Amino acid sequence: MYENLEELENSFKDCKKCKLCNARQNIVFGVGNPNADIMFIGEGPGGDEDKQGEPFIGKAGQLMNKAFDIVGIKREEVYIANIVKCRPPNNRDPEEDEIQACMDYLRNQVMIIKPKIIVLLGRIALQNILGREYKITASRGKWVEKKGIMYMPTWHPAALLRDETKKIEFLNDLKQVVERNSNG
Ligand code: URA
Ligand code: SF4
């Protein structure tokens with residue numbers, strides 16, 4: 001376990017712990033405030049993220065940024081990371097062996113950042129952080145407390161792209177997050 005994000009990031013610059021290392025261009029470590037109160041966890045890098053090494057900068061990320069603007073979240077004040085740090089080919093779901101190989105990095109990030117609130121973006125984040133028994137349709141919008149951290153499961157931003165209802169629900173979930181955070 002590492003004590004700060006730079007050391008952690010340096011520790012796996014050439015990571016080959018799973019087969020996602022084969023096609024990646026960049027490891028997408030995570031971005032944001034190392035002391036963030038709010039952390040967002042997605043699934044894995046897409047094409048744009050793989051090219052540029054930063055999470056949520058493609059279409060889904062731009063939609064998330066717009067939602068941040070609407071509810072008053074500043075991207076640089078929160079921290080954003082993914083379950084797997086390398087892009088799954090053709091944007092397929094990350095596989096179990098890949099997730100297991102990569103999750104220690106995320107656990108270490110959470111230990112360093114010590115967020116009060118973690119927003120789980122979509123099923124893959126939800127089920128790997130809170131457990132397989134959680135279903136995204138039933139769980140989204142509802143707080144879950146675990147070991148002193150408040151979790152808010154919500155839609156993955158890619159799911160919002162052509163779905164107005166989900167957009168509204170996503171905004172409502174983010175509003176709950178902002179409200180709880182401002183109440184300490
Ligand atoms: N989708 C994700 O889950 N993460 C990203 O970083 C980009 C798209
Ligand atoms: Fe290593 Fe994670 Fe990339 Fe797999 S996905 S190669 S475990 S950094």
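Is asparagine 65 buried, partly exposed or exposed, and what is its relative accessible area? Asparagine 65 is partly exposed, with a relative accessible area of 24%. The views below are drawn from a predicted model.

**View 1. Asparagine 65 in helix H3 of the predicted model.** Helix H3 covers residues 59-71 and includes asparagine 65. The relative accessible area of 24% places asparagine 65 in the partly exposed class, because buried means under 20% and exposed means over 50%. Proline 157 is 92 residues away from asparagine 65 along the chain, and the two C-alpha atoms are separated by 9.8 Å.

**View 2. Ligand 1 and its surrounding residues.** Ligand 1 sits in the largest pocket. The residues around ligand 1 are Gly42, Glu43, Gly44, Glu49, Pro55, Phe56, Asn82 and His156. By class, this shell comprises 2 nonpolar, 4 polar and 2 charged residues.

**View 3. Polar atoms facing ligand 1 at glutamate 43, asparagine 82 and histidine 156.** At glutamate 43, a polar backbone atom is 2.8 Å from an oxygen atom of ligand 1. At asparagine 82, the partner in the ligand is a nitrogen atom, and a polar side-chain atom of the residue lies 2.8 Å from that nitrogen. At histidine 156, an N or O atom in the side chain is 2.7 Å from an oxygen atom of ligand 1. Ligand 1 taken alone exposes 240 Å², of which the protein buries 92%.

**View 4. Ligand 2 and its surrounding residues.** Ligand 2 sits in the largest cavity. Its shell divides into 9 nonpolar and 3 charged residues, with no polar residue. The cysteines around ligand 2 include Cys15, Cys18, Cys21, Cys86 and Cys102. Also among the surrounding residues are Phe12, Leu20, Ala101 and Tyr105, together with Lys17, Arg24 and Lys85.

**View 5. Glutamate 98 in helix H4.** Helix H4 spans residues 96-113 and contains glutamate 98. Glutamate 98 has a relative accessible area of 0% and is therefore buried. The side chain of glutamate 98 makes a polar contact of 2.7 Å with the side chain of arginine 92.

**View 6. Asparagine 128 in helix H5.** Helix H5 is formed by residues 123-129, and asparagine 128 lies within this helix. Asparagine 128 counts as buried because its relative accessibility of 15% is under 20%. A polar atom of the asparagine 128 side chain lies 2.8 Å from the backbone oxygen of isoleucine 124. The side chain of asparagine 128 is also joined to the side chain of arginine 132 by a polar contact of 2.7 Å.

**View 7. Positive phi at lysine 114 and lysine 147.** Most residues other than glycine have a negative phi. Lysine 114 has a positive phi of about 50 degrees. Lysine 114 lies in the loop between H4 and strand E4 (117-121). With a relative accessible area of 62%, lysine 114 is exposed. Phi of lysine 147 is likewise positive, near 45 degrees. The loop that holds lysine 147 runs between strand E5 (144-146) and strand E6 (149-154). Lysine 147 is exposed, with a relative accessible area of 80%.

Methods: Residues are numbered from 1 along each chain as its sequence is written. Chains are lettered from A and ligands numbered from 1 in the order in which they are written. This is a predicted model: local features need pLDDT of at least 70, side-chain atom pairs count only at pLDDT 80 or more; totals for chains, interfaces and linings use all residues. Side-chain values use heavy atoms; hydrogens and water are left out. A residue is near a molecule or strand if one of its heavy atoms lies within 4 Å of it. A polar contact is a pair of N or O atoms within 3.5 Å; within protein, one must be able to donate a hydrogen and the other to accept it, and residues adjacent in sequence count only if both atoms are side-chain atoms. Accessible areas come from the Shrake-Rupley method with a 1.4 Å probe; for residues, only the protein chains shown count as cover. On a 1 Å grid over the protein atoms alone, a cavity is a set of points where a 1.4 Å probe fits but cannot get out, and a pocket is an open set with protein on both sides within 12 Å along at least five of seven lines; lining residues have an atom within 4 Å of a point. A molecule sits in a cavity or pocket if more than half of its atoms lie within 2 Å of its grid points. Ala, Val, Leu, Ile, Met, Phe, Trp, Tyr, Cys and Pro count as nonpolar, Asp, Glu, Lys and Arg as charged, and the others, Gly among them, as polar. Helices (H or I, at least four residues) and strands (E, at least two) are DSSP runs, numbered from the N terminus. Buried means under 20% relative accessible area, exposed over 50%, partly exposed in between (1.4 Å probe, protein chains only).
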